[in-house]
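Colleague: I'm new to reading structures. Could you walk me through one, feature by feature?

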Amino acid sequence: MPITVKVFLIAALAAACSLPGFAVLGEDVSSVQADRVHSNASMRVTPAQNYTIHELRSATGVLVREYASPSGKIFAVSWQGPTLPDLQQLLGSYFEEFQKAAQSQNRPGGHSPLMIQHPGFVVELGGHMRSFVGRAYLADQMPSEVSNQEIR
Amino acid sequence: MKFLAMMALGLTTVSLACGGGSSHKSSMLPVAASASNIQPIVVNSGPAGNYANGLFTNVTVCVPSTSECQTIDGILVDTGSFGLRLLSSGGGGALTLSLPQQKQSNGTVGECALFVSGYTWGSVNTADVMIAGEQASNVPVQVIDPTFAAVPSACKSAGVPENDSLQTLGANGILGIGPFAADCGGACDQTGSSNPGMYYECAGSSCQIAAEPVAQQVQNPVALFPSDNNGVIIQLPALTASAASLSGSMIFGIGTQSNNSLGKAKVFPVNSSGEFATTFKGQSYPAFVDSGSNALFFLNTNSTGLSTCSNSSGFYCPSSTQNLSAVTSSGSPTQTINFSIANADSLFSNRGDFVFGTLGGPNPGTFDWGLPFFFGRSVFTAIEGRGTPAGTGPFWAY
């Protein structure tokens with residue numbers, strides 16, 4: 001049953017959640033709270049139609065958005081900031097697949113975006129030194145009616 | 001083996017573009033024009049022989065305050081990064097000159113420099129850097145060397161590939177001449193979890209994240225020239241068809257000499273991320289100008305209608321060449337840019353071509369005006385905090 005709330009911010013949560021961490025792609029949203037590695041991150045929660053966005057800013061200034069389905073599974077993450085986030089942590093069990101794909105796609109012209117399109121698993125990484133942007137999502141775990149254009 | 005030219009250059013030597021000439025091989029750059037602030041540049045397949053739309057030049061580095069120097073060809077000219085990086089001979093590059101390593105209290109300084117599709121790892125060393133008739137003294141540079149020390153886990157956890165070989169880098173180094181003077185800035189001078197982990201102190205093969213003062217970070221050499229130090233112009237001729245190579249000029253300084261005035265170029269200030277805006281089909285996106293990106297990388301199939309390639313991963317392959325238009329802006333100054341995107345699989349099918357004006361590809365939510373943007377333009381890059389006749393950098397102008 002889709003949540004039919006329009007996008008709004010629960011500003012109070014930013015203050016309430018003093019020690020949020022990053023959830024992991026493909027895992028339960030509870031890992032947002034359980035994982036305290038990035039203990040200096042601040043967080044806000046944005047319920048949107050069909051999903052909830054957990055938005056965190058890491059100590060290094062990277063804005064990470066985690067998209068949780070109504071059943072509580074993280075089906076997408078996006079990031080934007082002066083450096084890359086710890087993708088090993090963010091992508092969890094998908095990190096190795098990403099790493100291998102990035103390796104095989106590597107070619108001279110090292111400043112071109114990384115676009116990895118596997119069945120069910122997509123990673124896109126762009127930007128330049130001092131400004132990086134990207135997203136990863138599990139295409140077959142996205143709630144129906146959610147377009148990947150919404151992941152940003 | 002790569003070309004290299006050991007030279008014994010006096011520090012006042014000018015006209016370096018063809019210095020050490022006798023040991024250059026046939027791919028050498030055209031002879032420099034006479035002005036001391038003009039450096040020849042060329043788009044070709046590069047030192048690995050397989051680079052598409054790679055813009056290259058040569059750079060001379062010297063052990064500081066000595067005449068022990070080496071001129072290195074096949075250096076990628078990159079307005080999308082900051083600082084000079086040289087691939088060591090250990091990584092298959094040309095650098096054999098031993099440059100002094102930068103030290104901190106707990107060891108030698110290492111760097112993990114993040115690019116979009118890879119990182120470079122190695123030590124931070126000090127060099128006098130000479131390009132055309134310009135010289136910057138005591139410049140912190142990165143010596144890319146996979147054997148320098150074990151790659152720290154924080155560097156690997158970004159997940160992007162290691163680009164520490166000629167095969168993966170496609171160049172003997174990178175000359176980062178973008179709109180900032182240092183490659184990281186204040187964030188890398190912090191301790192604790194807010195430090196992004198670019199700089200390390202290494203004792204033996206073991207490296208720990210370290211705070212690195214901005215002035216000791218790898219520096220855009222242009223910012224350290226005694227004059228002509230407020231920016232760079234890249235000039236490349238228009239391209240009518242794909243080609244094997246394309247020659248042009250890199251001119252140092254903006255409005256400092258008779259050959260580098262802004263003329264009618266429009267000025268686009270950039271934000272603290274080095275970006276401005278581009279509007280495409282009515283929607284505005286973050287954008288940047290990057291000679292080190294080998295295509296026009298923008299948005300995705302959904303927003304452009306351009307399908308991606310079956311063979312050439314990461315590029316667009318429309319069934320016929322598409323003529324498109326976008327508007328670059330930074331507040332009130334705006335400029336319409338017309339461009340075309342052809343089928344990358346078709347472009348690459350001609351094995352002799354390495355210069356492509358119509359090469360494009362996807363890029364998440366961003367407009368990256370890569371090398372094809374530079375063809376037929378004079379593109380000015382003004383460095384942060386530096387005055388020019390059109391105001392203080394950072395800005396792009398064209």
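Modeller: Sure, and keep in mind that this is a predicted model. Let's start with a sheet in chain B: seven strands form an open sheet in the order β20-β19-β16-β17-β22-β18-β21, with mixed pairing.

Colleague: Which strands of chain B stand at the edges?

Modeller: Those are β20 (334–341) and β21 (360–361) of chain B; each has a single partner strand, so one side of each has no neighbour in the sheet.

Colleague: And how many bridges join β17 to β22 in chain B?

Modeller: Three bridges join β17 (residues 283–289) to β22 (residues 363–369), and these two strands of chain B run parallel. For one residue pair, look at Phe288(B), whose bridge partner in β22(B) is Asp368(B).

Colleague: Now a single residue. Is Leu87(B) buried or exposed?

Modeller: Count the C-beta atoms around it; 20 or more others within 10 Å makes a residue buried. Leu87(B) has 33 within 10 Å, so it is buried. You'll find Leu87(B) in strand β5 (residues 82–87) of chain B. Beyond its neighbours within four places in sequence, its contacts include Gly92(B), Leu95(B), Ile144(B) and Leu169(B).

Colleague: What about where the chains touch? How many residues of chain A are in contact with chain B?

Modeller: In general, an interface's size is often given as the accessible area lost when the parts come together. Here we can count residues: 39 of chain A are in contact with 50 of chain B. On the chain A side, α4(A) gives the most, with six residues. That side divides into 15 nonpolar, 19 polar and five charged residues.

Terms used:
Residues numbered from 1 in each chain as written. Chains lettered and ligands numbered in written order. Predicted model: local features only at pLDDT ≥ 70, side-chain atom pairs only at ≥ 80, totals over all residues. Pairing = 2+ DSSP bridges. Helix = DSSP H or I, 4+ residues; strand = E, 2+ residues; numbered from the N terminus. Buried ≥ 20, exposed ≤ 12 C-beta atoms within 10 Å, placed from the backbone. Contact = placed C-beta atoms within 7 Å. Nonpolar A, V, L, I, M, F, W, Y, C, P; charged D, E, K, R; others polar.
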